[in-house]
Amino acid sequence: MKRRLAREIIVQSLYQMEMNDVESADAVEMLIAEAAEENESEHVITDEVELKAYVVGHVNGVWEHKMAIDDMLEHYLKGWQMSRLSRVDRQILRLATFEMVFADDVPAKVAVNEAIDLAKHFGTEDSGKFVNGVLGKMIQEIDTLKTEL
């Protein structure tokens with residue numbers, strides 16, 4: 001399973017859930033089916049069951065901890081509010097925060113680098129820099145954030 005593809009589907013699923021009030025399972029199912037059919041990003045899905053389990057676990061994890069994640073992010077969004085962020089940047093930041101604070105299968109630096117790449121891929125011209133700035137501040141205090149939970 002390629003985690004890059006999984007992260008892309010996670011971000012798209014979170015976006016669908018927020019925009020269209022769709023359940024996580026429905027969003028994930030639709031996006032995995034699209035990824036398998038279109039193969040637009042040239043990713044080969046070798047183990048759809050493993051991919052789906054990983055994506056659903058992370059989507060549900062982000063959604064379950066959304067309030068705590070948003071509270072953390074608000075602290076690092078100097079001069080910004082979560083509601084003012086683009087929906088794409090918001091989902092990318094939520095996923096990265098979940099991976100850094102709540103999940104223990106991804107090193108924090110990897111989560112930040114992946115988030116920057118996702119922001120460059122899905123966001124605006126400035127999204128990568130913005131995501132890097134927010135998560136760069138957060139990663140400096142990651143140990144404190146984890147102990148405060």
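This passage describes the helices of a predicted model, their packing, and a few individual residues.

A convenient place to begin is helix H1, residues 3-20. At 1.5 Å a residue, the 18 residues of H1 should span 26 Å, and the 25 Å between its end C-alpha atoms agrees with this. Its buried residues are Leu-5, Ala-6, Arg-7, Glu-8, Ile-9, Ile-10, Val-11, Ser-13, Leu-14 and Met-17, a list that includes charged residues such as Arg-7 and Glu-8. After H1 comes Asp-21, which sits in the loop between H1 and H2. The phi angle of Asp-21 is near 55 degrees, a positive value in a residue other than glycine. With a relative accessible area of 71%, Asp-21 is exposed, because the threshold for that label is over 50%.

On the far side of this loop, Ser-24 belongs to helix H2, residues 24-38. Ser-24 has a relative accessibility of 12% and therefore counts as buried, the limit being under 20%. Setting aside residues up to four places away in sequence, Ser-24 touches Met-17, Val-59 and Asn-60. Of these partners, Met-17 is itself among the buried residues of H1.

Two helix pairs illustrate how the elements are arranged. H1 and H5 have axes 9 Å apart and pack at an angle of about 125 degrees. An angle of 125 degrees lies outside the ranges for parallel, antiparallel and perpendicular pairs, so H1 and H5 are oblique to each other. The crossing of H1 past H5 is right-handed. On the H1 side, the residues that meet H5 are Arg-7, Ile-10, Val-11, Leu-14, Tyr-15, Glu-18 and Met-19; their counterparts in H5 are Arg-87, Val-88, Arg-90, Gln-91, Ile-92, Arg-94, Leu-95 and Glu-99. For H4 and H7, the axes come within 9 Å and cross at roughly 100 degrees. That angle falls in the 65 to 115 degree range, so this pair is roughly perpendicular. Here Met-72, Leu-73 and Tyr-76 in H4 meet Val-134, Lys-137 and Met-138 in H7.

The largest nonpolar core brings many of these elements together. It holds 46 residues, and those touching the most other members are Ile-9, Val-55, Met-100, Val-131, Leu-135 and Met-138. At least two residues of this core come from each of H1, H2, helix H3 (48-64), helix H4 (66-76), H5, H6, H7 and helix H8 (142-147). Met-100 offers a helpful close-up: leaving aside its neighbours within four places in sequence, it is in contact with Ala-108, Ala-111, Val-112, Leu-135, Met-138, Ile-142 and Lys-146. Of these, Ala-108, Ala-111 and Val-112 are among the buried residues of H6.

Helix H6 itself has 15 residues and reaches 21 Å from its first C-alpha to its last, close to the 21 Å expected at 1.5 Å a residue. Along with the three just named, Glu-114, Ala-115, Ile-116, Leu-118 and Ala-119 are buried in H6. The buried residues of this helix pack against H1, helix H5 (87-102) and helix H7 (127-139). Asn-113, also in H6, has a relative accessible area of 46% and is therefore partly exposed, since the value lies between the 20% and 50% limits. Asn-113 and Ala-96 are 17 residues apart in sequence, with 9.2 Å between their C-alpha atoms.

Definitions and conventions. Residues are numbered from 1 along each chain as its sequence is written. This is a predicted model: local features need pLDDT of at least 70, side-chain atom pairs count only at pLDDT 80 or more; totals for chains, interfaces and linings use all residues. Side-chain values use heavy atoms; hydrogens and water are left out. Helices (H or I, at least four residues) and strands (E, at least two) are DSSP runs, numbered from the N terminus. Buried means under 20% relative accessible area, exposed over 50%, partly exposed in between (1.4 Å probe, protein chains only). The expected span of a helix is 1.5 Å times one less than its number of residues. Contact means heavy atoms within 4.5 Å. A nonpolar core is a set of buried Ala, Val, Leu, Ile, Met, Phe, Trp, Tyr and Cys residues joined through side-chain atoms within 4.5 Å. Axes are lines fitted to C-alpha atoms, for helices over the stretch in contact, and angles run from 0 to 180 degrees between N-to-C directions. Angles under 35 degrees count as roughly parallel, over 145 as roughly antiparallel, 65 to 115 as roughly perpendicular and the rest as oblique. A crossing is left-handed if the near helix is turned anticlockwise from the far one by less than a right angle, and right-handed if clockwise.
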